[in-house]
Amino acid sequence: MSALFATLGLSEPLLRAVAEQGYASPTPIQAAAIPAALQGRDLLASAQTGSGKTAAFVLPLLEQLSRSVRRTPRRTRALVLVPTRELADQVAETVRTLAEPLAEPVKVACLFGGVSVNPQMMALRGGADVVVATPGRLLDLVERNALGLAWAGLLVLDEADRLLDAGFEDELQRVVALLPQRQQRQTLLFSATFPPAVQALARALLRDPLRIDLAVDAADPPAITQRALQVDTAQRTPLLRHLIAQGHGDRGWDRVLVFVATQYATEHVADKLRRAGIAAAALHGERSQGARRQALADFKAGRVQVLVATDVAARGIDIQRLPVVVNYDLPRSAADHVHRIGRTARAGEAGLAISFVTAATEAHFRLIEKRQGLRLTREVIGGFEPTEVPVASDPTGGIKGRRKSKKDKLREAAALAAAAASPAPAPATRARSARS
Ligand code: AMP
């Protein structure tokens with residue numbers, strides 16, 4: 001058992017839980033967040049996926065539950081809000097696993113939309129101590145009187161930036177109105193990025209929060225190597241096949257997460273890889289929950305080598321060893337890029353993030369680099385030398401008399417990137433899958 005974990009204020013059963021997980025010492029976010037949360041402070045934590053942030057809030061949450069009195073029937077005492085069902089699944093699983101050694105069993109309910117509500121209603125019978133939920137389905141279940149939130153004195157917002165990106169702002173406000181008031185509640189907010197909307201949310205929800213900002217002054221930045229490969233749009237799948245075949249570079253290409261822009265592209269690219277004899281699966285929002293789970297399970301178990309996913313579908317995926325992430329299509333924003341490359345180099349492992357940059361997406365990639373304060377050397381792989389000419393004109397047309405804002409530029413670059421995204425699906429599909 002780690003001496004360092006033992007200094008954070010956790011009780012013996014939770015120290016055992018941590019040891020059973022094989023966590024030797026707390027990650028920086030855990031070392032900062034756990035003692036403060038145990039003292040009842042609100043937290044505003046900047047934390048990337050892969051930093052150990054889940055345990056950073058689950059451990060104090062469980063410690064507090066184990067210290068408080070349980071009533072019959074059970075009352076929901078802690079609520080974790082997450083943007084996606086995958087993340088809900090993963091957080092709920094972490095709560096269950098870490099709660100195992102506790103004397104009193106902890107009942108966890110995992111609630112998310114897109115599946116039948118009935119099993120979730122059943123799961124809430126007799127109450128749940130901890131609820132992990134996406135906001136929409138949670139409200140739905142509250143309206144059906146399946147649970148109440150008046151006793152939920154601990155609120156965690158996980159991936160708050162994503163919650164807002166996913167359009168959950170109204171639902172969030174409605175959920176918060178059902179909870180004990182700010183003064184009677186402890187709120188822990190975790191986010192990879194802090195755009196103004198997240199800052200406003202933090203001001204509205206938190207009371208005198210401790211700000212934990214490890215991302216900027218991290219003494220030990222995650223060991224992610226980023227590479228930018230120049231390639232023609234039509235050559236990206238052959239290049240991907242080549243990289244996989246060669247196990248290019250010095251890292252294991254046995255588990256590769258490939259990001260594309262649209263649902264259509266996930267299927268298309270996965271299909272092409274399969275036809276080349278590579279075990280590949282597509283992960284996107286329109287696949288059934290069962291199919292998504294299966295794809296993830298196959299990927300985790302190594303039955304599938306390449307998972308081709310959209311941003312939303314891949315959000316929060318927790319895979320212990322994921323050495324390589326490929327931006328087949330560039331992310332729409334620098335924030336998305338941070339989330340994507342956060343999939344690799346988890347918990348101290350080295351990772352490689354490769355971006356395919358085409359003539360049409362070069363300008364967009366430059367903006368992403370700028371946001372990261374980074375400039376990568378453009379590499380060309382032998383046999384895949386680009387021939388496309390850079391796009392100089394502005395196809396979206398600027399607004400006359402007005403200087404382009406950063407947002408305008410990002411939008412234009414994203415439009416260019418989308419236009420270049422392979423291969424063009426029907427317009428309706430593309431519009432819908434922009435958020436898939
Ligand atoms: P997260 O940032 O919560 O998604 O966690 C990323 C990964 O790190 C998960 O697979 C955790 O199981 C693992 N992890 C969390 N805390 C630790 C720790 N203290 N030591 C080693 N691994 C950890």
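**View 1. Strands S2 and S4 run side by side in this predicted model.** Here strand S2 (residues 78–81) and strand S4 (residues 130–133) pair in the parallel sense, with 4 bridges between them. To find your place, look for Leu79, which stands opposite Val131 in S4. Then check what covers S4: both of its faces are covered. Val130 and Val132 sit on one side, Val131 and Ala133 on the other, and all of them are buried.

**View 2. S4 also pairs with S3.** This pairing is parallel too, over 4 bridges. Leu111 is the residue to look for, as it stands opposite Ala133 in S4. Follow the chain and you get a right-handed β-α-β unit made of S3, helix H6 (residues 118–123) and S4.

**View 3. Zoom out a little for the open sheet that holds these strands.** There are 7 strands, in the order S3-S4-S2-S5-S6-S1-S7, and the pairing is parallel. Strand S3 (108–111) and strand S7 (210–213) are at the edges with a single partner strand each, so one side of each has no neighbour in the sheet. From one strand to the next, the twist averages 10°.

**View 4. S1 meets S6 in the parallel sense.** Strand S1 (residues 43–46) and strand S6 (residues 186–191) share 4 bridges. In S6, Phe190 is the bridge partner of Ala45. Keep an eye on Phe190, since the next view picks up its ring.

**View 5. Two aromatic pairs turn up in the model.** Start with Phe57 and Phe190: their ring centres are 5.3 Å apart and their planes are at 55°, so this pair counts as tilted. Phe57 belongs to helix H4 (residues 53–67) and Phe190 to strand S6, so to speak a link between distant parts of the chain, 133 residues apart. Are these two residues buried or exposed? Both Phe57 and Phe190 are buried.

Now move to Tyr328 and Phe356, an aromatic pair that is also tilted, with 6.0 Å centre to centre and 50° between the planes. Tyr328 lies in the loop between strand S12 (324–327) and H16, while Phe356 is in strand S13 (residues 351–357), so the pair ties together parts 28 residues apart in sequence. Tyr328 is buried, and Phe356 is buried as well.

**View 6. A charge sits over a ring at Phe194.** The charged end of Arg211 is the partner here, 4.5 Å from the centre of the Phe194 ring.

**View 7. A second open sheet of 7 strands comes into frame, again with parallel pairing.** Its order reads S10-S11-S9-S12-S13-S8-S14. Strand S10 (280–283) and strand S14 (378–379) are the edge strands, each pairing on one side only. S10 pairs with strand S11 (residues 306–309) in the parallel sense over 4 bridges, and Ala282 stands opposite Val308 in S11. Helix H12 (residues 236–246) packs on this sheet, where it touches strand S8 (224–230), strand S9 (256–259), S11, S12 and S13. The direction of H12 makes about 155° with that of S13.

**View 8. Helix H16 is mostly covered.** How many of the 8 residues in H16 (residues 334–341) are buried? The count is 6. They are Ala334, Asp336, His337, His339, Arg340 and Ile341.

Methods: Residues are numbered from 1 along each chain as its sequence is written. This is a predicted model: local features need pLDDT of at least 70, side-chain atom pairs count only at pLDDT 80 or more; totals for chains, interfaces and linings use all residues. Side-chain values use heavy atoms; hydrogens and water are left out. Buried means under 20% relative accessible area, exposed over 50%, partly exposed in between (1.4 Å probe, protein chains only). Helices (H or I, at least four residues) and strands (E, at least two) are DSSP runs, numbered from the N terminus. Two strands pair if DSSP finds at least two bridges between them. Axes are lines fitted to C-alpha atoms, for helices over the stretch in contact, and angles run from 0 to 180 degrees between N-to-C directions. Rings of Phe, Tyr and Trp (its six-membered ring) pair if their centres lie within 6.5 Å; planes under 30 degrees apart count as stacked, over 60 as edge-to-face and the rest as tilted. A charge sits over a ring if NZ of Lys or CZ of Arg is within 6 Å of the ring centre and within 35 degrees of the ring normal. A crossover is right-handed if, with the strands pointing away from the viewer, the path from the first strand over the helix to the second runs clockwise. Contact means heavy atoms within 4.5 Å.
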